[in-house]
Amino acid sequence: MEFDLSKIPITLFIFSLIVGLFSPIMTWVERKQSALMQDRIGANRAEILGIRAIGLLHPVADVIKMITKEDTFPLGGSKFLHNIAPMIAAIPALISFAVIPYGGHYQAWGADWTLVVADLDYGVLYLLAIGSIAAYGSIIAGWAANNNWGLLGSIRVSAQMISYEVCMGISVVGLFMVFGTLKMTDMGIAQQETFRVLGFVEHLGWAQAGTAWVDFVKLPMWGIFLQPLGFFMFMTALIAENKRPPFDVPEGESELVAGYFIEYSGMKFGLFFMAEWIEVVVIAGLMTAMFLGGWSVPYIPDATLVEFFRGGVGVNMANVFAMIIHVLIFFTKVISMIFFLQLIRWSLPRFRYDQVMDLGWKILLPLSIANVAVTGLIMLLVKEVTG
Amino acid sequence: MTFGEIVHLVINEQNLFIFFSTVAILSALGVVLNLSNTVYAALSLVVSMLALAGLFVMLNAEFVGVLQVMIYAGAIVVLFLFVVMLLNLRGGEMAADRQPFLKLVGAGIVIAATVKLTSLLGAARSNPSGIQKDWMPVGPEFGSVRDIGLVLYTDYLLLFQVSGILLLAGIVAAVILAKQKVD
């Protein structure tokens with residue numbers, strides 16, 4: 001078992017980007033976007049020497065507040081579990097970005113770069129496994145507090161997590177079937193292709209093979225176009241696993257005060273929130289890598305992009321340019337996805353607890369199983385027709 | 001000595017094996033010996049499962065390792081915890097229900113397992129490479145998702161489907177039981 005030390009730079013890059021940049025900025029996005037959507041001014045009070053920087057200093061103020069706050073401990077609770085629960089909540093969020101590729105494969109100056117920390121054969125399964133452990137932080141936190149609100153929150157977390165794990169796993173099976181892989185980099189490569197949307201017209205005999213208008217309408221082979229239902233079901237399940245509104249019944253302020261983290265203060269409380277915001281970034285990254293084409297530019301495969309730069313600047317710099325463009329494209333998609341998730345978060349009211357359970361078991365689960373069957377049928381038909 | 005060599009000195013196959021197996025055994029003991037607090041016992045079970053998953057990954061059985069985490073650590077023990085919390089058992093309420101018969105069965109299983117393990121260790125010592133004549137060598141793809149899928153859907157298709165029907169029967173039974181209670 002050898003350790004690949006050349007992975008350290010890309011690991012540090014993605015880690016510092018997620019923890020150091022995305023996670024604090026998410027607190028600002030949360031405030032600013034809600035203010036925009038509710039027609040308020042919002043998040044503009046924190047200032048240093050009169051510089052307010054459109055509220056960007058609020059994350060700094062947050063951190064200072066949380067670190068200097070008194071760390072309280074509930075009477076009669078379990079001190080050990082109370083202390084490790086925030087860590088257990090934060091670690092899965094931190095390690096799950098490891099399998100998400102934020103760029104393709106590049107060769108420059110004799111070195112190989114694959115922009116993913118761990119290119120696992122079973123990448124998506126790893127993420128599902130990590131996601132299923134993430135529940136423990138919240139479950140332990142609520143139980144260790146010796147508080148009935150906290151305990152109720154824990155019970156709701158465990159029920160919700162188990163319910164949505166099932167449909168989360170099954171809703172992406174269709175995607176595995178279409179791409180024929182569980183490896184996230186292979187999925188990214190597969191999504192660089194394009195397909196003719198109207199190709200079926202030829203096979204039905206409504207147009208001759210090679211008709212211009214049939215060939216013209218092409219879509220990139222993104223997961224969202226091949227598995228539209230899978231996209232929405234997977235996203236719903238992920239938001240539910242993330243415990244954010246409209247699925248925030250475990251922490252619903254108006255019912256359970258604060259749910260499982262009711263007895264936490266200071267930075268331990270902050271760690272729960274950090275985990276939640278990192279999870280939002282992970283969800284956006286996961287959706288991008290699996291359904292939105294990953295790092296690739298639509299209609300332009302990686303090789304074409306490198307070839308385009310190659311004439312002007314040589315092979316090595318062409319690879320570097322392509323890498324920069326791909327990383328920027330990936331994070332542009334991630335940021336748009338985050339805005340979309342925040343849009344959902346501020347638009348929908350909280351579901352009632354029984355509605356959450358009904359949605360998971362009676363709607364999403366049957367739909368996701370039907371999705372698998374229909375995907376298999378269509379794949380068989382396509383194979384039959386095209387040979 | 002380069003940085004890579006120092007890292008390899010600390011994190012190598014042997015040390016990882018020692019780490020994972022020690023954690024697995026200690027936390028398994030924690031499950032059995034923690035009679036006063038069911039939640040602690042369930043949490044020890046999770047740690048034990050995770051350590052076992054680490055051992056599976058080291059044996060090239062990554063798929064089994066991931067399933068171990070996803071299904072046992074991630075779903076089944078969460079269900080255990082859910083039930084324990086729902087009943088809100090605290091401080092040895094379960095201890096009164098312990099049956100001497102189960103203790104005897106448990107002791108029997110432990111003795112049988114110890115005897116079997118000792119004989120296996122003896123066999124391993126007399127034949128260190130551990131390769132027997134009728135054992136098939138495994139390919140480089142061994143343990144990958146594709147390989148397991150191929151074997152499951154060709155050689156063991158019938159068994160696979162039978163176990164699926166068994167699970168379905170279990171689900172139907174659970175639904176019927178739950179319905180009866182409501183009516």
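Reader: Which residues form one aromatic cluster with Tyr260(A)?
Author: Happy to start there, with a note that this is a predicted model, where local features need pLDDT of at least 70, side-chain atom pairs count only at pLDDT 80 or more, and totals for chains, interfaces and linings use all residues. Residues are numbered from 1 along each chain as its sequence is written, chains are lettered from A and ligands numbered from 1 in the order in which they are written, and side-chain values use heavy atoms, with hydrogens and water left out. Rings of Phe, Tyr and Trp (its six-membered ring) pair if their centres lie within 6.5 Å; planes under 30 degrees apart count as stacked, over 60 as edge-to-face and the rest as tilted. The cluster joins Tyr260(A) with Phe261(A), Tyr264(A), Phe269(A), Phe272(A), Phe273(A) and Trp277(A).

Reader: What is the angle between the planes of Tyr164(A) and Phe247(A)?
Author: The search of the whole structure gives 21 aromatic pairs over all chains. In this one, Tyr164(A) sits in helix 6 (residues 148-171) of chain A and Phe247(A) in the loop between helix 12 (228-242) and helix 13 (253-256), 83 residues apart; helices (H or I, at least four residues) and strands (E, at least two) are DSSP runs, numbered from the N terminus. The two rings are 5.5 Å apart centre to centre and edge-to-face, with an angle between the planes of 70 degrees.

Reader: Is Gln192(A) buried or exposed?
Author: Gln192(A) lies in the loop between helix 8 (184-190) and strand 3 (194-196) of chain A. Leaving aside residues up to four places away in sequence, Gln192(A) touches Trp295(A), Ser296(A), Pro301(A) and Asp302(A), where contact means heavy atoms within 4.5 Å. Buried means under 20% relative accessible area, exposed over 50% and partly exposed in between (1.4 Å probe, protein chains only). At 13% relative accessibility, Gln192(A) is therefore buried.

Reader: At which residue does helix 1 of chain A bend?
Author: Helix 1 covers residues 8-37. The bend at a residue is the angle between axes fitted to the seven residues ending there and the seven starting there. Here that angle is about 30 degrees, Pro24(A) follows within four residues, and the bend is at Phe22(A).

Reader: What is the radius of gyration of chain A?
Author: Chain A has 16 helices and 4 strands. The radius is taken over C-alpha atoms, and the globule rule is 2.2 Å times the number of residues to the power 0.38. For 387 residues the rule gives 21 Å, and chain A comes close to that, so it is as compact as a globular protein of that length, with a radius of gyration of 23 Å.

Notes. Expected span 1.5 Å × (residues − 1).
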